[in-house]
Protein chains: 10
Amino acid sequence: MIRAEVTELVLSQKRMKGLSWKEIHEKVSISTSPIVITAALLGQMRLEPNEAAKAAELLDLPKEAEILLTEIPYRGSLTEIPPTDPLIYRFYELVMVYGTTWKELINEEFGDGIMSAIDFDMTMERQPDQKGDRVKLQMSGKFLSYKRY
Amino acid sequence: MIRAEVTELVLSQKRMKGLSWKEIHEKVSISTSPIVITAALLGQMRLEPNEAAKAAELLDLPKEAEILLTEIPYRGSLTEIPPTDPLIYRFYELVMVYGTTWKELINEEFGDGIMSAIDFDMTMERQPDQKGDRVKLQMSGKFLSYKRY
Amino acid sequence: MIRAEVTELVLSQKRMKGLSWKEIHEKVSISTSPIVITAALLGQMRLEPNEAAKAAELLDLPKEAEILLTEIPYRGSLTEIPPTDPLIYRFYELVMVYGTTWKELINEEFGDGIMSAIDFDMTMERQPDQKGDRVKLQMSGKFLSYKRY
Amino acid sequence: MIRAEVTELVLSQKRMKGLSWKEIHEKVSISTSPIVITAALLGQMRLEPNEAAKAAELLDLPKEAEILLTEIPYRGSLTEIPPTDPLIYRFYELVMVYGTTWKELINEEFGDGIMSAIDFDMTMERQPDQKGDRVKLQMSGKFLSYKRY
Amino acid sequence: MIRAEVTELVLSQKRMKGLSWKEIHEKVSISTSPIVITAALLGQMRLEPNEAAKAAELLDLPKEAEILLTEIPYRGSLTEIPPTDPLIYRFYELVMVYGTTWKELINEEFGDGIMSAIDFDMTMERQPDQKGDRVKLQMSGKFLSYKRY
Amino acid sequence: MIRAEVTELVLSQKRMKGLSWKEIHEKVSISTSPIVITAALLGQMRLEPNEAAKAAELLDLPKEAEILLTEIPYRGSLTEIPPTDPLIYRFYELVMVYGTTWKELINEEFGDGIMSAIDFDMTMERQPDQKGDRVKLQMSGKFLSYKRY
Amino acid sequence: MIRAEVTELVLSQKRMKGLSWKEIHEKVSISTSPIVITAALLGQMRLEPNEAAKAAELLDLPKEAEILLTEIPYRGSLTEIPPTDPLIYRFYELVMVYGTTWKELINEEFGDGIMSAIDFDMTMERQPDQKGDRVKLQMSGKFLSYKRY
Amino acid sequence: MIRAEVTELVLSQKRMKGLSWKEIHEKVSISTSPIVITAALLGQMRLEPNEAAKAAELLDLPKEAEILLTEIPYRGSLTEIPPTDPLIYRFYELVMVYGTTWKELINEEFGDGIMSAIDFDMTMERQPDQKGDRVKLQMSGKFLSYKRY
Amino acid sequence: MIRAEVTELVLSQKRMKGLSWKEIHEKVSISTSPIVITAALLGQMRLEPNEAAKAAELLDLPKEAEILLTEIPYRGSLTEIPPTDPLIYRFYELVMVYGTTWKELINEEFGDGIMSAIDFDMTMERQPDQKGDRVKLQMSGKFLSYKRY
Amino acid sequence: MIRAEVTELVLSQKRMKGLSWKEIHEKVSISTSPIVITAALLGQMRLEPNEAAKAAELLDLPKEAEILLTEIPYRGSLTEIPPTDPLIYRFYELVMVYGTTWKELINEEFGDGIMSAIDFDMTMERQPDQKGDRVKLQMSGKFLSYKRY
């Protein structure tokens, strides 16, 4: 069994049982960010053993799938680059359009280094708006300086 | 003269005059987001004529460059994909790792559609933290529903 | 089961039952555009639950396929870019040849922004012509302005 | 002198003289579609000699540029595929999402063949709409049947 | 069943029955070009129902394969570009070496337009030659003019 | 001076002197195929010294350009693959659609080997046709057998 | 059954029977180059029927595999380019580093043309050397001149 | 000055002075392989200072070009992969067709390791043949074993 | 059975038996580097027969898998380039950022040549550090000089 | 002036003045790693203002080049991927061959996370060896854990 099969199985069980990610998140690990839990079930993060056990029970997963959910995955969720799906492409487009701007402004504020994509967290919420609700994302990543030795 | 030459000229003048993006933003259009103003000067957004005039004066730009800054650019700031620069790459990596997760959660919350990358705004700020300061980004894009006709 | 398998199953059942897209459209949702219904059955749009039920009955699809037809798909119908099929390639060619022209004329008329591919509709019809009938396409997408915040 | 230099020169002269595509179209060949005239000036179509003469006079182009405008260009307006510019990308996205749908429906209606991208015309206009104006495109291409010999 | 499986099945049956393309052509549709019939059996063209029936009988194909042979295929016979097979690559090489020459000479003779790859026919025959026999190809495609509207 | 500059210069001189390829062919080497002569002037074949001298005189080329026209070029006339120009693309499409068919039929007729793209000649002519004139191409390449040693 | 499956089967049988290529070569066709025989068993060349029969007997191959070994394969042994395997990559590197040198020297010696990769043979042997044994390759390909017609 | 400019200058001077690679080799370093000397002048190997001095004198190169010829170059002589030039492509094709065969036979003879492309030499000569002269290449590279530590 | 299936089987058995690479290394060949043993089990190096026997016993592998572990693999462990997994990408990034620096410094110290990736060894260990433990890698590769013959 | 021009100028001045990287390192900042200083002069890291002043004096660089050396560069030293230069390619090959091994062993030792390529240092030295001197590289990067929030 490989991780991609676990992801496919998770999606199939979620579908047939009529579960939402919100319900799964509540059952598996309400104290952790739903982004982390969903990403793990999609093969991009790992679950703690007790979380994997709950997920396996909720979704009727076999033992090997449960163990695989606790393993560190080979990350990369997209099957092609650039992503063909419009929702995901828009994020890709933001990187293409604003990439150099982010670099200039982050480097000016923090000096030489990067925003970590590892020591990183984010939230996503609905922002009500008369002209149409908005998707609000907050991201925060530790700044890491280029070190000299 | 093409837009890429304007960008190169802007960077050269900024360098030789010892200006920061913060100073340029303050002089050109303090009421607008520094991300928009910086992006425009890097060839990704457009300036209003009075802003372009101020930018041209501050940076000693020729008339054609000033007009070009008011034109709608052919967007795309990266010369290669994936971006080789580590700071920009980390954002690209976030899309690759979390792309499918964002899709699942946004679609579950909002239904079928996307977060606009056009009706979109963002802020970037320093988030002090004992374990190392963090880059904090807030993004907000209008949700657009797939319509049926 | 994954969406690609549903698409393959739909095509196989349509073939063996001798159905046309027109007949399927009439049975599944005559009030909606045939483009939307066909696209959904090809894995690019979603059906409403009652439409999916009708499609499943008409095409003898299993329950999971029926549910999958109501899910928001990971869009992207082409297995390779540029598309090797001549009919589809011609549309791709139009984008390559006229892309910058469309940008110039739309931006001149509407200002900075894009034509939405989400709040979008289109029709396709036969246009009789003595020199050979023509394919007539009408597309209409909401104009979205780049916003400043 | 090569065609790309003509295009760059056209854009520069248009900018410095403050002309719009609409004004250029009116002066160069009002009876022809503005899409054809604009595409020619962007290096994708050819002008008739008298049109090129008018364009050269209006835009102060040298003789070789004027002749080049009457030559059949090596077509292809995009410097990279997929196009990074959001406005142009949306058209590209439509091909990716609806490509197989168009193929199915056109083939069902017309039989085996393609819509010509050569014997092809299109119009673009503003469609007023309370919820936001729309870009309306009408395309019509001759249907070409695969022939057997 | 998908078209690629039909192609694989055709090749397997042809192999086990010891048939040549020539024999298949004679049995399926001697009045049509062998290129068209072979291309159809390789998944690139369509057969008429009576031809498909003969092919199915000759090659012991199941009913769905027979129907699939009458469907308009998603064209594109090469699994990778550029083609790795030397025989096919040589044709690809001709396009790379002579592409611009063909464009110049066809455009000079016919004006702006293309040679159709749809209203197109070709023959292939052996040309005896003392220094070594030659492959002789004759191609003829309708010239299509760029139209102005 | 490099070959690409010679090609650009040839095209520029041809344009300014109002010469056609036909006229150039007649003056440079009427006994050779116009395809070879045109290809040489476009940087894909070589001219004999006396032909190059005539071409240089006709087109006012400097001495180094004249010598370069007699050199064996680094072949490859297309700046991008697949070719974006519709006329050239159609030939590319023929390779993609008929590539495997040509392989099957040539191999069946001649055995294991290829059609040479080196010991190769072709002609192009106008084929009058009531339904629209056609481009007629005749190609003939020596068959080369895979040898065993 | 497809050729790739034959190759996989050959490798599996060779492994389980503990055979070397040398032994297979001796049993199948000692008079032919081991490179040709090995290449055929790896799906890149064809065997004569009597050779295929011997190979099938030695390796316990089914009838269809035996016939497939006599067919002209779709050549191309590498699953990705550039090849990731270091041994094969070194040959690829030689082409990249010495490609233009080979062209200059072969063209200077022979005139305009190529070394055939079809009428081609090679040998590989061990060259004892005190500083470490060497791989010695001898290649010989017929020179083919560009012909003018 | 960069190495590519030296290569272009070498080719231009060689052309204008009517020198062959053979003559250059004889004057620069007759005791070294002509492949090495030619490769160095094409920017792929380095010359010894005295050789560079002779080359500079023979070809009237400026001092910086002479020094650059003694520098270790950034290797890679091809501007695109796969190479479009037919002569060079044939070598590339040999790697694609015989790559896995070479791997099997070298590994069987020598064990796990590679043929060095660094401790490597080769010769190229004309092999007279009644059926057409042949290009004969001899290559010899040190075998390097994968070591375990 | 192919090598990729062995790798998948090894990972599955390791998972279900709860083994670590450290434990496997100790059981299979403690005297060899854990990097070599792990790489072999991941399909990138070969094991000695006695090591493969121990691995097969420990992991309950079938006989063909055991033999495959002793075969020289077709190397290349990444399914896509650039690698999407962040841990592996960082190494790729180091090559992109420091590649030219390594070349300059190694060439300055050793002359023209390369560091072997074949006669190569490395160790990986944890380096305790108050500010956060570090990954310490030591690599050593034989320097190979470009030879002249 | 852009950074690539500074790099080219640095290399030209170093060449004409006969300086080594070692000498430059000693004059510019002996207390910093030669890898950092060389990388900065090659456009991949930044220098401190006093270091840039020394470099500018030593290499006769203009003022803008001096300032550019203190700016944070857009990183990425390779003009093509995979790198064609054999020395740099070997490092790339190590990532391809050992990438998954490094991931397994680092993750097993440290848990989920990566080795930083930002908080990273390395040394390169000559390791004398009777069988041929070796290139010894020591790398150390801070381990960064995936955090959960």
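## Exercises on a predicted multi-chain model

The buried residues of helix 5 of chain B, which covers residues 63-70, are Glu64(B), Ala65(B), Glu66(B), Leu68(B) and Leu69(B), and the structure in which they are found is a predicted model.

**Exercise 1.** Determine what covers the buried residues of helix 5 of chain B.

*Solution.* Begin with the residues to be covered, among them Leu68(B) and Leu69(B). Within chain B, the cover includes helix 1 (3-17), helix 3 (34-41) and helix 4 (49-59). Then turn to chain D, where helix 1 (3-17) also belongs to the cover.

**Exercise 2.** Work out which helices each supply at least two residues of the negative patch, and whether Glu8(C) is buried, partly exposed or exposed.

*Solution.* First list the members of the negative surface patch, which are Glu5 and Glu8 of chains A, C, E, G and I. Next assign them to elements: helix 1 (3-16) of chain A and helix 1 (3-17) of chains C, E, G and I each supply at least two residues. Finally take Glu8(C), which lies in helix 1 of chain C; because its relative accessible area is 34%, Glu8(C) is partly exposed.

**Exercise 3.** Describe the order of elements in chain A and the extent of its burial.

*Solution.* Count the elements, which gives 6 helices and 2 strands, and then follow them from the N terminus, where the order is α-α-α-α-α-α-β-β. For burial, 62% of the 149 residues of chain A count as buried, while the chain exposes about 5,500 Å², of which carbon and sulfur atoms supply 51%.

How values were computed
Residues numbered from 1 in each chain as written. Chains lettered and ligands numbered in written order. Predicted model: local features only at pLDDT ≥ 70, side-chain atom pairs only at ≥ 80, totals over all residues. Heavy atoms only, no water. Helix = DSSP H or I, 4+ residues; strand = E, 2+ residues; numbered from the N terminus. Buried < 20%, exposed > 50% of the residue type's maximum accessible area, 1.4 Å probe, protein only. Contact = heavy atoms within 4.5 Å. Areas by Shrake-Rupley, 256 points an atom, 1.4 Å probe, with all protein chains shown as cover.
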